[in-house]
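User: I'm new to this structure and would like a close look at just one part of it. Could you pick out the salt bridges and walk me through them?

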Amino acid sequence: MDRFRLHSFSEFEANCDLRGDLHDVVGQLKLVDGQPLHQRPVLSGQDDSKRRNVLVHLQLKEGPVMNVYLWDEAAESFRLKFDASASTPAVLLVTTVTPRRLGGKLCLSTMYSSRVFLDDEVPPTKEYLNWLTTNPSAIAMVDPVEVVKAETLTIGEIAAFIKTQPPKIAYFDCIATIDDVRHGVPWYYIACKDCQTKLNHGPATLICPKCSNANATAIANYRVELSVYDNEEQCTFIILGDAGKELTGRKATELVDSYVEANGDGVSEVEVPLPQCLIVLH
């Protein structure tokens with residue numbers, strides 16, 4: 001028989017970032033990968049199945065909504081069980097989670113041995129469902145805009161996260177000052193218009209390795225290297241795609257086309273220098 005060692009929010013907070021026993025958590029599902037449950041998201045699609053993680057927002061009986069990161073087998077098990085449920089699951093129990101603080105916010109993350117259980121699978125989830133039935137005020141809608149916020153980390157905290165954690169998809173905010181824009185390297189790349197993947201040069205055409213399109217329509221996308229710093233550290237940020245447009249107010253394709261038009265059709269795209277709107281960023 002399974003025996004669970006459930007922790008409350010305050011207990012997880014007291015044990016955050018400490019080496020010791022790992023415990024279990026149970027709560028009400030609020031969001032799955034940023035999607036509200038009343039829309040019943042489908043998780044096991046082709047794109048999702050290739051991802052290593054699922055981010056759920058879990059409301060414990062006491063405390064705020066928590067970010068719970070499900071990884072690898074736990075993520076895949078959750079996807080399969082969630083999609084196979086006849087009705088939208090309301091309660092989730094995750095075993096063997098470790099508490100971490102990211103950008104000042106307490107989060108939970110699964111381990112290799114973690115397991116997931118939904119609704120009627122085990123006694124604690126059944127008890128939580130019954131508690132929700134008798135406490136209807138606890139079943140409140142959560143605004144994704146209010147809950148799904150990337151943690152704000154310093155450059156040093158992001159570097160430490162990269163060094164200590166296994167490869168994974170993660171989202172952070174970082175406030176830094178632009179010190180310089182790197183010169184002498186390409187500031188854009190030629191991408192597939194449909195999927196934004198970098199195109200390869202074929203014998204006579206550009207080929208998209210993702211779409212397998214031998215006649216892909218090409219556009220220019222930003223790939224700008226910025227030297228940035230905060231109060232403690234300095235590093236290089238690589239700005240891609242639409243993030244470049246947010247900095248300059250113009251698409252990379254527009255800048256390339258403008259330069260070619262101003263300097264004649266014989267100008268090769270690879271010769272387009274760093275535009276002034278990027279030079280003046282620092």
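Analyst: Here is a walk through the salt bridges, one pair at a time.

This is a predicted model, where local features need pLDDT of at least 70 and side-chain atom pairs count only at pLDDT 80 or more, while totals for chains, interfaces and linings use all residues. Residues are numbered from 1 along each chain as its sequence is written, and side-chain values use heavy atoms, with hydrogens and water left out.

Searching the whole structure turns up 5 salt bridges (a side-chain nitrogen of Lys or Arg within 4 Å of a carboxyl oxygen of Asp or Glu). Let's start in helix α3, residues 72–84 (helices are DSSP runs of H or I, at least four residues, and strands are runs of E, at least two, numbered from the N terminus). Glu76 pairs with Arg79 there, with the closest N and O atoms 3.3 Å apart. The two sit 3 residues apart, about one turn of the helix. Arg79 is buried at 2% relative accessible area, whereas Glu76 is partly exposed at 30% (buried means under 20%, exposed over 50%, partly exposed in between, with a 1.4 Å probe and protein chains only).

Lys81 bridges to Glu121, the closest N and O atoms being 3.0 Å apart. Lys81 lies in α3 and Glu121 in the loop between β7 (116–118) and α4 (123–134), so this pair ties together parts 40 residues apart in sequence. Lys81 is partly exposed at 25%, and Glu121 is partly exposed at 40%.

Further along, Glu254 meets Arg250, with 3.8 Å between the closest N and O atoms. Finally, Arg182, Arg223 and Glu225 are joined into one network by salt bridges that share partners.
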